[in-house]
Amino acid sequence: MSENLEPAPRWAVRAAQAAAWSVVPSGLWRVALGVGLPVGFHGDLERMFGRWMPGWGTVYVLALSALAEALAFLTLGLVRPWGRRVPRWVPGFGGRALPAWGALVPAGLGALGVTAVTWSAAMGPWQHNMSDPDSPHGLAGAVMTLCYLPLVAWGPLLAAVTIDHARRARLAARA
């Protein structure tokens, strides 16, 4: 059980906090897009986004932003006591100690998945998409890029915190 873990080291707590914060800028940018603020798109792209936002596109970007933040927030569970127990509201299991693998498997898979998606996007499609004449350029393009850039840190930060959690769980199992 991961209930009796030693406290997380300061660097792991800070890495978990950074992981949670790394999705906020892109979420705020998507919210701005979703509520119809001009974010720098032109021509066909502006018309495409304008057709759905505000509207169902707004619901989509708000849900995507909320989901990303919620998933990133779960990183804090790897360094906090609340992450070692099943939430009380879960029928049949609420309040029970969470086995180490119950946090490590999803966190490890999440770290791999998020790293693969964000790094592959940053190394390929992002550059291609930003070269589209209808994409944001100048200050708007720089703001968009700066808002999405922290996402490339999310996966590696989650991986580091997951590895530390595994180390602490292994030490607790030996005790």
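Helices are DSSP runs of H or I with at least four residues, numbered from the N terminus. The model examined here is predicted, so local features need pLDDT of at least 70 and side-chain atom pairs count only at pLDDT 80 or more, while totals for chains, interfaces and linings use all residues. Residues are numbered from 1 along each chain as its sequence is written, and side-chain values use heavy atoms, without hydrogens and water.

Val31 makes a handy starting point, sitting in helix H2 (residues 24-34). Its relative accessible area of 27% makes Val31 partly exposed, a class that lies between buried (under 20%) and exposed (over 50%), with a 1.4 Å probe and protein chains only. Beyond neighbours within four places in sequence, Val31 touches Leu62 and Ser65, where contact means heavy atoms within 4.5 Å. Val152 lies 121 residues from Val31 in sequence, and their C-alpha atoms are 20 Å apart.

Turning to the pockets, the largest has a volume of about 920 Å³. A pocket is an open set of points on a 1 Å grid over the protein atoms alone, where a 1.4 Å probe fits, with protein on both sides within 12 Å along at least five of seven lines; lining residues have an atom within 4 Å of a point. The volume is the space filled by probe spheres set on the points, which are joined across faces, edges and corners. Its lining comprises 35 residues, of which Ala121, Trp126, Met144, Tyr148 and Leu151 are the closest to the centre. Helix H4 contributes the most to this lining, with six residues.

Leu71 also belongs to helix H4 (residues 56-73), and is partly exposed at 44% relative accessible area.

Note on methods: Helix = DSSP H or I, 4+ residues; strand = E, 2+ residues; numbered from the N terminus.
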